[in-house]
Amino acid sequence: MAQTLTIDPITRIEGHAKITIQLDEQGIVRDARIHITQFRGFEKLCEGRRFSEMPALTARICGICPVSHLIASGKACDALLAVRIPETAEKLRRIFNLAQLVQSHALSFFHLSSPDFLLGMDADPAVRNIVGVIQANPQMARDGIRLRQIGQQMIEWLAGKRIHPSWIVPGGVAQPLSAEKREQMLASIPEGIDITQRAIAWFKKTMNQFSEEIQTFANFPSLFLGLVTETGALEHYDGVLRVVDSAGNVIADKIDPNDYEHYIGEAVEPWTYLKFPYYKPIGYPEGVYRVGPLARLNLIDRCGTPRADEAWAEFRALERGAVLSSFYYHYARLIEILYGLERIQQLLHEPDILDTRVQAMAGPNRSEGIGVAEAPRGTLIHHYRIDKDGLITWANLIIATGHNNLAMNRGILQAAKHFVKGDRIQEGMLNRVEAVIRCFDPCLSCSTHAVGQMPLHIQLLSPTGEVLDEVRR
């Protein structure tokens, strides 16, 4: 008798989702899906609001990623103003964005995923959490907390607060950087670099224990998409879009982000609220691509900072073409933290970084604006249209987690086929399927909005919907 396993919600991710695993009559996995069970209506909620409010409004989409939305929204508003923002303002926005990357990647690696690495995929779920990490490896726990604090503190020094800052404004930033804050940021960077290098060294040794997971965690050929500089280096704020295939060949390059609609289509399915972006030249659903740290390190010709370039070269040596296993998202995240700290250090030493001219003033001069930036989880697109009074008439947001939706679904199917046996839920199986999703570090608060709170609820269903087995926690 065919059956369905349901994992609801997935744990240690940002937001709420569930996984269903369909078994056939022999108990073999036939299909698996991740369902995003929240509804997000921000595009409609924003209609009728002044465009200048959009950075602050869209930052409220998420308490983890407000900076990323501020950046993309600010750039879309710059386009509506038809201005080029002051160079110092652009550098400060870059620092702001990289500080977000540091704190967000630290949260994902140390707080959400390190319990699996340190305690094992089959460990008791009662201890497989950050408290278990503190007990098993206090140094790692302290490192994770401190590294995230460094990124969060930088955001506060720049913008006045860590959560929902409103420092990014159309045309630039609200306030210049003071000499005192610059010195405070510079003083914290060496410690952050030491922590990150220690974590990279530990993870390189530890990941050898996870060869089975590396082989089966969303490890398949796909495209990779993201921003690069005009010369092919790592880029998180501006630049051009590049697409590479699984062999590492560049199949589309120097794409103006304003032309994203020619390359990215969006599909919907009736069983989830999260959209399915796909690569238009290949079509849906074959046009699977991945974004985020793994994709970015597969796209580039170099990082552009000394330590990160060394780490990146070792990372790319894992495979001849693109690095395909999504397990390596964790490794890529650590390399990007290293890059972020080094790049912030470079930018803080720029001679004009304390310039007080940080905002271009203008009224709306265009009816349409697009802002594209790299959020920690991948490419983030804000696209607005306004009327003659500057009021939003249409908005479209493509969130990084959405880009990865097709790949996440293929990934859990691959892992479920390998690990799920029989007709009863086992903790190790459950955790491995969830861990595939954690590789992508999805932020469902960004891509949807929750109503209420759902407990962990796992159901085994017959083909007719009968509940055969059930677990709650």
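Here is a short chat about the pockets, cores and a strand pair of this predicted model.

Reader: Before we start, what pLDDT do local features need?

Author: Residues are numbered from 1 along each chain as its sequence is written, and side-chain values use heavy atoms, with hydrogens and water left out. Since the model is predicted, totals for chains, interfaces and linings use all residues, side-chain atom pairs count only at pLDDT 80 or more, and local features need pLDDT of at least 70.

Reader: Which element gives the most to the lining of the largest pocket?

Author: A pocket here is an open set of points on a 1 Å grid over the protein atoms alone, where a 1.4 Å probe fits, with protein on both sides within 12 Å along at least five of seven lines; lining residues have an atom within 4 Å of a point. The largest one holds about 530 Å³, a volume being the space filled by probe spheres set on the points, which are joined across faces, edges and corners. Of its 22 lining residues, K75, D78, V83, Y237 and D238 are the closest to the centre. Helices (H or I, at least four residues) and strands (E, at least two) are DSSP runs numbered from the N terminus, and with four residues the top contributor is α4.

Reader: And in the second largest pocket, how many lining residues are charged?

Author: That pocket has a volume of about 250 Å³ and is lined by 13 residues, with W271, P285, L406, N409 and R410 nearest its centre. Asp, Glu, Lys and Arg count as charged, Ala, Val, Leu, Ile, Met, Phe, Trp, Tyr, Cys and Pro as nonpolar, and the others, Gly among them, as polar. The split is eight nonpolar, one polar and, for charged, four.

Reader: Which helix gives the most to the largest nonpolar core?

Author: Such a core is a set of buried Ala, Val, Leu, Ile, Met, Phe, Trp, Tyr and Cys residues joined through side-chain atoms within 4.5 Å, where buried means under 20% relative accessible area (1.4 Å probe, protein chains only). The largest has 112 residues, and F203 is one of those with the most contacts inside it. Twelve residues of this core come from helix α11.

Reader: What is the bridge partner of K18 in β3?

Author: Strand β2 (residues 17-23) has six of its seven residues buried. Strands pair if DSSP finds at least two bridges between them, and seven bridges join β2 to β3, running antiparallel. In β3, the partner of K18 is H35.

Definitions and conventions: Buried < 20%, exposed > 50% of the residue type's maximum accessible area, 1.4 Å probe, protein only.
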